[in-house]
Amino acid sequence: MKTTTDKISSAAPASATPSLDPLTGLLSRKSFLDQVRIRLDQEAPTDWCIATIDLEHFKLFNDWYGQEAGDRLLKNIADYLKRIQDCYHYTVGYFGNDDFFLFLPNDSGLVRLIFQTVCDYIQNQEQMEGFLPIVGVYPIADPTRSVSTMCNYAQIAASTLKGKFSQRICYFESSMVESLEKKQRVLHEINGGIQNGEFVFYLQPKCDSRTGKIISMEALVRWIHPQRGLVPPNEFIPVLEKSGLITRLDMYIWNSVCQTLHRWQEEHKPVVPISINVSIIDIENIDVPRYLSSLLDQYQLNPKFLMVEITETAFAENNAAVKRTIDRLHQAGFTVLMDDFGSGYSSLNMLKDANIDILKLDMKFVEMNEENHNKGIQIMDSVISMAHRLNLLIVAEGVETSEQVSMLQSMNCLCVQGYYFYKPMPVAAAEQLLAKTPTEDYHELRINFVQKHHCEEYLVDYETIPSVSESITHILEENTLELARFNVINGEYVTVKKSPYLTDDSAGTVQHIRDYSQRMVDQGLIHPNDTEGYLLFMQLGHLQHLLLHKQTTVSYIVRRKVDGIYTRILIEFITGLTCSESNPYVVVVRRIADDSE
Ligand code: C2E
Ligand code: CA
Ligand code: CA
């Protein structure tokens, strides 16, 4: 790409007959450049700009809907742009592919209006996620600069938006040239890496903790870099996600995974389902269910062999798109896992709304080491039993010790993944392992699990269920706002999960309950008439008296701001079977109070 500032001294000849693009009837590249040059020289308009409209992923659009639908879309957009060109005396050009250029007044309202109209054309033709235009604008500061450079700059501004769903219009800044060059180097390196087969995936088994049988495996990308050696994903995935380039790599990995499954089938090797990682960027960039289904066709695979892991944070970033994707993955027969559950602070209700099959519990949810062995066990236990009630299988990740395994077994969490059983390994090693290790059919496991669970639903004796597990089902109720862990001995209060409606106070930081409640009052989050009672109730000594000495579950109603409005909130402190100095952890649930409460 040409990025230097080249100046043009002589204007293009005014007599040249403009050549029109046959499909769109708009000025071709050369004629557009000439015409804009002439107008800049002759009319010298002040404060105009060059804008480019790019239909992101237009090539995929053509692949999926056919060339004819693609041409029709281009023609519709071109007709609209031609109308505004004729009406308002702008200049509009079409440079081929999906690239439109406009020369028009530098007015952000005008640019937004054109963007919105083009969006409407696309949406009217195909109700598709991921086919939105992006607009790059170069405000003409120096009219002597070559028009082709101006167009380049508009394109550079547009290219910074690729893969970003929330922002679709961008104005050129000179720093973009440098970062584009850097990004292109990375892309070049990655493309080269893909071509040279430097990207591979490792497989890490998920096992039945009781028997050690392998239930499925997860594909984890690795970059075998010629100079740097084995590069872990954390070193390149965040960069790729930021630039939207992750999708290129992910599609390649998913394809390789399907190819491997196909080969195992062909060679009559033992096959277990493999789960792949799907980034939120992928969901925003392409039609993931459609692409995965096309892979199944290509490699003649049953969808039961491919599972899809989507991280919890994706749900918070673009919940609607993620939910739609999950529904369509289910329609296509895929199993969907929510990855890293507990690592973010997304809405608790998502779990109920999002129609997922398996919850992957992030071990960070409860840090379990020598010192804080008991810490969080209650929460862990609660989450597991709550998930079981929802018919969700749980996979515990990052399991490293036999203590963790026995603890998980005692909580009825059977499926574990972690170094305790196996580290991620190359495909060849995984094949050898599968040849000598018994496997267990995930789908049978699931059916058994659901049947067993349903029986238990009827047989259950609620008296025997620890109150903490019982009450945690509240977490899934519509009105739950916050889940926290409270140490009744030292007063430590840690928010574990929180609804997005509570953006007004900080979560996750360890703090003393006194500071927590005082801050709520100071920030005006508690109704002024309730502050006195609230601070008394939240006093550590008072809570110790009730929770530790009286061993009761404690609740309190207060008016707290939710989404800017004072709302009656029920705060519940829920103890386990025993709350003692050696097991001082209490679960705190805050939810919107029922009218009866
Ligand atoms: P993840 O999906 O949560 O994967 C689990 C990570 O934990 C993996 O790191 C795995 O090697 C590591 N792990 C497994 N067992 C243990 C254990 O017992 N202890 C510890 N400390 N770690 C364990 P890895 O392979 O470095 O991957 C990191 C993250 O990169 C993944 O987290 C996932 O979010 C992302 N990722 C990996 N492969 C892909 C991919 O193909 N596409 C996309 N979009 N993301 C990927
Ligand atoms: Ca994963
Ligand atoms: Ca994970």
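Let me start with the metal site, where the donors of the calcium ion (ligand 3) follow the spacing D-D-x56-E along the chain. Please keep in mind throughout that we are looking at a predicted model. The residues behind that spacing are D339 and D340, each through an OD atom, and E397, which is listed twice through OE, and the distances run from 2.1 to 2.7 Å. This calcium ion (ligand 3) has a neighbour, the calcium ion (ligand 2), at 4.1 Å, and D339 coordinates both of them.

Is D339, the residue shared between the two ions, buried or exposed? D339 has a relative accessibility of 5%, and because the cut-off for buried is under 20%, it counts as buried. D340, the next donor in the chain, has a relative accessible area of 22% and is therefore partly exposed.

Now let me step back to the protein as a whole. Its secondary structure comes to 21 helices and 21 strands, and of its 597 residues, 55% are buried. If we take the contacts with a separation of 6 or more, 66% of them are between residues 24 or more positions apart. The accessible surface comes to about 26,700 Å², and carbon and sulfur atoms account for 50% of that area.

For a single residue that illustrates such contacts, I would point you to L540, which sits in helix α21, residues 540-549. L540 has a relative accessible area of 19%, which means that it is buried, given that the limit is under 20%. Leaving aside residues up to four places away in sequence, L540 touches F486, V488, I489, N490, G491, H512 and I513. The C-alpha atoms of L540 and R514 are separated by 7.3 Å, although these two residues are 26 residues apart along the chain.

Next, the empty space, and I will take an open pocket before the enclosed cavities. The second largest pocket has a volume of about 1,100 Å³. Its lining is made up of 34 residues, and those that lie nearest its centre are E56, H57, K162, L245 and R248. The elements that give two or more residues to this lining are β1 (48-55), α2 (58-65), α5 (147-159), α6 (175-195) and α8 (246-266). Which of these elements gives the largest share of the lining? That is α2, which supplies six residues. In terms of residue class, the lining of this second largest pocket divides into 12 nonpolar, 13 polar and nine charged residues.

Turning to the cavities, the count comes to five of 30 Å³ or more, and the largest of them holds about 60 Å³ of space. The residues that line this largest cavity include K206, I215, S216, M307, L337 and I358, and further along the chain L393, I394, V395, C415, Y442 and L445. At least two lining residues each come from β7 (214-225), β13 (393-396) and α17 (442-459), with β13 giving the largest share, three residues. By class, the lining of the largest cavity has 10 nonpolar residues, one polar and one charged.

To close, I would come back to the metal site and leave you with D339, the buried residue that coordinates both the calcium ion (ligand 3) and the calcium ion (ligand 2).

Methods. Residues are numbered from 1 along each chain as its sequence is written. Chains are lettered from A and ligands numbered from 1 in the order in which they are written. This is a predicted model: local features need pLDDT of at least 70, side-chain atom pairs count only at pLDDT 80 or more; totals for chains, interfaces and linings use all residues. Side-chain values use heavy atoms; hydrogens and water are left out. Helices (H or I, at least four residues) and strands (E, at least two) are DSSP runs, numbered from the N terminus. Buried means under 20% relative accessible area, exposed over 50%, partly exposed in between (1.4 Å probe, protein chains only). Contact means heavy atoms within 4.5 Å. Accessible areas come from the Shrake-Rupley method with a 1.4 Å probe; for residues, only the protein chains shown count as cover. Donors are N, O and S atoms within 2.8 Å of the metal (3.2 Å for Na, K and Ca); water is not among the atoms, so sites may look incomplete. On a 1 Å grid over the protein atoms alone, a cavity is a set of points where a 1.4 Å probe fits but cannot get out, and a pocket is an open set with protein on both sides within 12 Å along at least five of seven lines; lining residues have an atom within 4 Å of a point. Grid points are joined across faces, edges and corners, and a volume is the space filled by probe spheres set on the points. Ala, Val, Leu, Ile, Met, Phe, Trp, Tyr, Cys and Pro count as nonpolar, Asp, Glu, Lys and Arg as charged, and the others, Gly among them, as polar.
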